[in-house]
Amino acid sequence: GSLLLRSSGSSLTFPGYQAVWAGSSSSSSSSEESVTESVREEGSEGVREGDVTGSVTDDITDQVTSGSGTLSKVLGQLVEGQRVSLTQVNPAQHFTKPPPRYNEASMVKTLEEAGVGRPSTYAPIIKLLQDRGYVVRSAGRSLVPTPLGRLLSAYLTIHFSEYVDVNFTAKVEVQLDEVSAGSVAWKSLMREFYGPFETAIQSANRYSTTQVTVWTV
């Protein structure tokens, strides 16, 4: 009879943040493949088919000799000296899709999780972004950045990265609450903030929007 092996799988060549998130090193992540084997054997007793799913690592010998793993189950159906031939290879490359764009609901949820703003400020924030032409609402109700919005985002990220960080905004929210409660003097808080901020402004004034546009291309 004949044995037909079909396999499909995916290989992670660059784990990125997943290496930290999964608690594993990039080397171990990139060397592992997820494989599904479809086995079809034709003989005098008819046709036998089956699917076996598992992971294939670099250490194939251990899997075969120990009798465990996908390859062991598939190769166990072969006999010594049996000739096998590769009939077809169908390579397919898939790219990771970017995360979906924010809509009003997902933006509010993100602001809440980051501790930025208050329920009464979420709608004005989104309205301001649209009124000033930084974003537009697409047909699917997503908020899509305009060229002006991209330029502004790049300019602020380059020159005022500390101040556009959500952690900074959340920290200021807490400090303002402390001022409101009377536990922190507002003059000392402003003095602590404005010194470094003025330095950042002076540094940013040395560059034009043309230079920022070139950097963002």
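Helices here are DSSP runs of H or I with at least four residues, numbered from the N terminus. With that in hand, Val172 is found in helix 9, a good place to begin. Keep in mind as you work that this is a predicted model.

**Exercise 1. Getting an overview**

Task: Find how many helices and strands the protein chain has, and what share of its residues is buried.

Solution. Start with the secondary structure: the chain has 11 helices and 5 strands. Next, turn to burial: of the 217 residues, 18% are buried. Then look at the surface, where the chain exposes about 16,200 Å², with carbon and sulfur atoms supplying 55% of that area. Finally, consider the contacts with a separation of 6 or more: residues 24 or more positions apart account for 47% of them.

**Exercise 2. Checking the length of two helices**

Task: Compare the expected span of helix 7 (residues 147-159) with the distance between its end C-alpha atoms, then repeat the check for helix 9.

Solution. The expected span is 1.5 Å times one less than the number of residues. For helix 7, with 13 residues, this rule gives 18 Å, and the end C-alpha atoms are 18 Å apart, so the two agree. For helix 9, with 16 residues, the rule gives 22 Å, against 23 Å between the end C-alpha atoms, which again agrees. While you are at helix 7, note its buried residues: Gly149, Ala154, Tyr155 and His159.

**Exercise 3. Describing helix 9 from end to end**

Task: Work out what caps the N-terminal end of helix 9, which of its residues are buried, and what covers them.

Solution. Begin at the N-terminal end, where Asp165 acts as the cap: one of its side-chain oxygens lies 2.6 Å from the backbone nitrogen of Asn167. Moving along the helix, the buried residues are Phe168, Ala170, Glu173 and Gln175. Their cover includes helix 5, helix 8 (161-164) and helix 10 (186-204). Just beyond helix 9, Gly182 has a positive phi of about 85°. Ala185 follows in the loop between helix 9 and helix 10; its relative accessible area of 48% makes it partly exposed. Between the C-alpha atoms of Ala185 and Gln175 there are 9.9 Å, for a sequence separation of 10 residues.

**Exercise 4. Two residues of helix 9**

Task: Decide whether Glu173 is buried or exposed, and list its contacts beyond four places in sequence.

Solution. First place the residue: Glu173 belongs to helix 9 (residues 166-181). The cut-off for buried is under 20% relative accessible area. Glu173 has 18%, so it counts as buried. Beyond its neighbours within four places, Glu173 contacts Gly115, Val116, Gly117 and Arg118. Now take Val172: its relative accessibility is 23%, so it counts as partly exposed. The C-alpha atoms of Val172 and Val116 are separated by 9.2 Å, although the two are 56 residues apart along the chain.

**Exercise 5. Finding the nonpolar cores**

Task: Identify the residues of the largest nonpolar core and the helices that each supply at least two of them.

Solution. The largest nonpolar core has 7 residues: Met107, Leu111, Val116, Tyr122, Ile126, Val135 and Leu143. Helix 5 (104-114) and helix 6 (119-131) each supply at least two residues of this core. Apart from it lies another core, of 6 residues, including Phe160, Tyr163, Phe168 and Ala204. For a closer look at one member of the largest core, take Met107: outside four places in sequence, Met107 touches Tyr102, Ile126, Leu129 and Leu143.

**Exercise 6. Classifying a ring pair**

Task: Classify the ring pair of Phe193 and Phe197 from the distance of their centres and the angle of their planes.

Solution. The count of aromatic pairs comes to 8. For Phe193 and Phe197, the centres are 5.0 Å apart and the planes meet at 25°. Planes under 30 degrees apart count as stacked, so this pair is stacked. Both residues lie in helix 10, 4 residues apart, about one turn of the helix. Phe193 is partly exposed at 27% relative accessible area, and Phe197 is partly exposed at 22%. Ring pairs also link these two with Tyr155, Phe160, Tyr163, Phe168 and Tyr194 into a cluster.

**Exercise 7. A positive phi**

Task: Locate Arg141 and give its phi.

Solution. Arg141 sits in the loop between strand 4 (135-137) and strand 5 (143-145). Its phi is positive, about 70°, although Arg141 is not a glycine. For context, most residues other than glycine have a negative phi. Arg141 is exposed, with a relative accessible area of 53%.

Conventions. Residues numbered from 1 in each chain as written. Predicted model: local features only at pLDDT ≥ 70, side-chain atom pairs only at ≥ 80, totals over all residues. Heavy atoms only, no water. Buried < 20%, exposed > 50% of the residue type's maximum accessible area, 1.4 Å probe, protein only. Contact = heavy atoms within 4.5 Å. Areas by Shrake-Rupley, 256 points an atom, 1.4 Å probe, with all protein chains shown as cover. Core = buried A, V, L, I, M, F, W, Y, C linked by side-chain atoms within 4.5 Å. Polar contact = N/O pair within 3.5 Å; in protein donor to acceptor, adjacent residues only side chain to side chain. Phe/Tyr/Trp six-rings, centres within 6.5 Å; stacked < 30°, edge-to-face > 60°.
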